Amino acid sequence: MKDTGLRGKVAIVTGAAAGIGRATARRFASEGCRVAAWDVNDSGQEELLRELSSAGGEPLFRKTNVCDSGDVEAGVQEIVARWNTVDVLINNAGITRDAQFVKWKDGAVVGTMTDEAFDSVISVNLKGVFLCSRAVVPHMIRQGSGVILNASSIVGLYGNFGQTNYAATKAGVIAFARTWARELAKYNIRVNAVAPGFIATEMVQKMPEKVIQTMVSHTPLGRMGTPEDVAEAYVWLASGAASFVTGTVLSVDGGFVLGT
């Protein structure tokens with residue numbers, strides 16, 4: 001197996017307590033990384049730390065609110081004080097608050113997406129990516145290297161019914177990646193986005209079977225992806241094998257084609 005060059009590197013994974021974030025933290029740990037697992041939910045941190053240690057990494061868990069610039073800055077400072085650097089940032093934390101933009105029935109508005117639903121998703125999925133990246137970039141500039149990876153979605157590429165807020169954020173983090181790739185390349189900092197398709201996370205697996213089968217029917221490879229499929233994409237993009245890849249969007253979607 002080709003060496004990824006990640007052994008001993010310091011990686012921050014936001015939203016690391018479950019799903020794709022947990023699988024990503026575990027995969028980076030298996031490469032011998034020092035993994036800072038961030039999540040707003042700290043209820044299972046001991047189990048997560050054991051899992052990452054068993055995978056082969058040196059882990060650190062921190063309860064972190066990615067929407068709070070002070071909390072994010074303090075978290076980065078703690079990592080730098082402990083490990084002297086930040087090599088990789090995976091901006092994975094995200095939430096959904098789905099609702100139809102304007103729901104119309106019998107000639108009248110019967111529902112809309114609320115301000116709270118819109119603002120909360122923008123805050124976590126878009127502003128959180130901005131805050132975390134802004135906090136780590138000065139350290140990456142000083143060391144002359146770094147990788148930032150943003151969690152987008154096929155929803156950010158194609159849109160999706162009932163997800164005005166979510167789709168906007170997932171398109172936004174692609175714009176972040178392309179803009180930052182231009183601005184930061186001179187410092188040897190690469191920035192990319194990953195756009196997962198339908199992934200069998202805990203949240204998705206709780207959906208009705210009919211909904212899941214509809215998702216699968218839109219996926220040419222005929223199955224849902226796994227969190228590990230996405231984690232592999234993150235590892236590759238962070239590795240030396242992708243040293244000439246920046247400003248791109250890597251779809252991990254089983255060949256999803258809208259409308260098929």
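These questions and answers walk through a predicted model, from its helices to its strands and loops.

Q: Which residues does the UniProt annotation "domain: Ketoreductase" cover?
A: The annotation comes from an unreviewed UniProt entry. The span is 49% helix and 23% strand, and its end C-alpha atoms lie 28 Å apart. The record places the domain at residues 9-197.

Q: How far apart are the C-alpha atoms of Lys9 and Gly254?
A: Lys9 is found in the segment before strand 1. Along the chain, Lys9 and Gly254 are 245 residues apart. In space, their C-alpha atoms are separated by 30 Å.

Q: Is Lys9 buried, partly exposed or exposed?
A: Lys9 touches Cys33, Arg34 and Asp87, leaving aside residues up to four places away in sequence. Buried means under 20% relative accessible area and exposed means over 50%. Lys9 has 31% relative accessibility, so the class is partly exposed.

Q: What distance separates the end C-alpha atoms of helix 1?
A: Helix 1 covers residues 19-30, which is 12 residues. At 1.5 Å a residue, the expected span is 16 Å. The model agrees with that, as the end C-alpha atoms are 17 Å apart.

Q: How many of the 12 residues of helix 1 are buried?
A: The buried set includes Gly19, Ile20, Gly21 and Arg22. Ala23, Thr24, Ala25, Arg27, Phe28 and Ala29 are also buried. Helix 1 is therefore largely enclosed by the rest of the structure, and the count is 10 of the 12.

Q: Which residue's side chain makes a polar contact of 3.1 Å with the side chain of Arg22?
A: Arg22 lies in helix 1 and counts as buried at 16% relative accessibility. Its contacts beyond four places in sequence are Gly15, Ala16, Ala17, Glu47, Leu48 and Glu51. The side-chain partner at 3.1 Å is Glu51.

Q: What is the handedness of the β-α-β crossover from strand 2 to strand 3?
A: Strand 2 (residues 34-39) and strand 3 (residues 58-63) run parallel and are joined by 6 bridges. One of the pairs is Val35 with Pro59. The chain passes between the two strands through helix 2 (residues 45-55), and the crossover is right-handed.

Q: Which residue caps the N-terminal end of helix 3?
A: Helix 3 runs over residues 69-83. A side-chain oxygen lies 3.0 Å from the backbone nitrogen of Gly70. That oxygen belongs to the capping residue, Asp68.

Q: Which elements do the buried residues of helix 3 pack against?
A: The buried residues are Asp71, Val72, Gly75, Val76, Ile79, Val80 and Trp83. Residues three or four places apart on an α-helix point the same way, because there are 3.6 residues a turn. The packing partners are strand 1, strand 2, strand 3 and helix 4.

Q: Which residue just after helix 3 takes a positive phi of about 75°?
A: The 15 residues of helix 3 should span 21 Å, and the end C-alpha atoms are 21 Å apart, which agrees. Just after the helix, phi turns positive at Asn84.

Q: What is the phi of Asp106?
A: Strand 5 (residues 102-105) and strand 6 (residues 108-112) pair in the antiparallel sense over 4 bridges. Asp106 lies in the loop between them and is exposed, with a relative accessible area of 75%. Most residues other than glycine have a negative phi. Asp106 is not a glycine, yet its phi is positive, at about 55°.

Q: Where does Asn188 lie?
A: Asn188 has a positive phi near 65° and is not a glycine. At 48% relative accessibility, Asn188 counts as partly exposed. Its place is the loop between helix 6 and strand 8.

Q: How many of the 8 residues of strand 8 are buried?
A: Ile189, Val191, Ala193 and Ala195 point one way, and Arg190, Asn192, Val194 and Pro196 point the other way. Both sets are buried. Strand 8 is therefore largely enclosed by the rest of the structure, with a count of 8 of the 8.

Q: Which residue of strand 9 is the bridge partner of Pro196?
A: Strand 8 runs parallel to strand 7 (residues 146-151), with 6 bridges between them. Strand 8 also pairs with strand 9 (residues 249-252) in the parallel sense over 4 bridges. In strand 9, the partner of Pro196 is Val252.

Methods
Residues are numbered from 1 along each chain as its sequence is written. This is a predicted model: local features need pLDDT of at least 70, side-chain atom pairs count only at pLDDT 80 or more; totals for chains, interfaces and linings use all residues. Side-chain values use heavy atoms; hydrogens and water are left out. Two strands pair if DSSP finds at least two bridges between them. A crossover is right-handed if, with the strands pointing away from the viewer, the path from the first strand over the helix to the second runs clockwise. The expected span of a helix is 1.5 Å times one less than its number of residues. Buried means under 20% relative accessible area, exposed over 50%, partly exposed in between (1.4 Å probe, protein chains only). UniProt positions are given in the numbering used here, feature names are shortened, and annotations may be inferred rather than shown by experiment. Contact means heavy atoms within 4.5 Å. A polar contact is a pair of N or O atoms within 3.5 Å; within protein, one must be able to donate a hydrogen and the other to accept it, and residues adjacent in sequence count only if both atoms are side-chain atoms.
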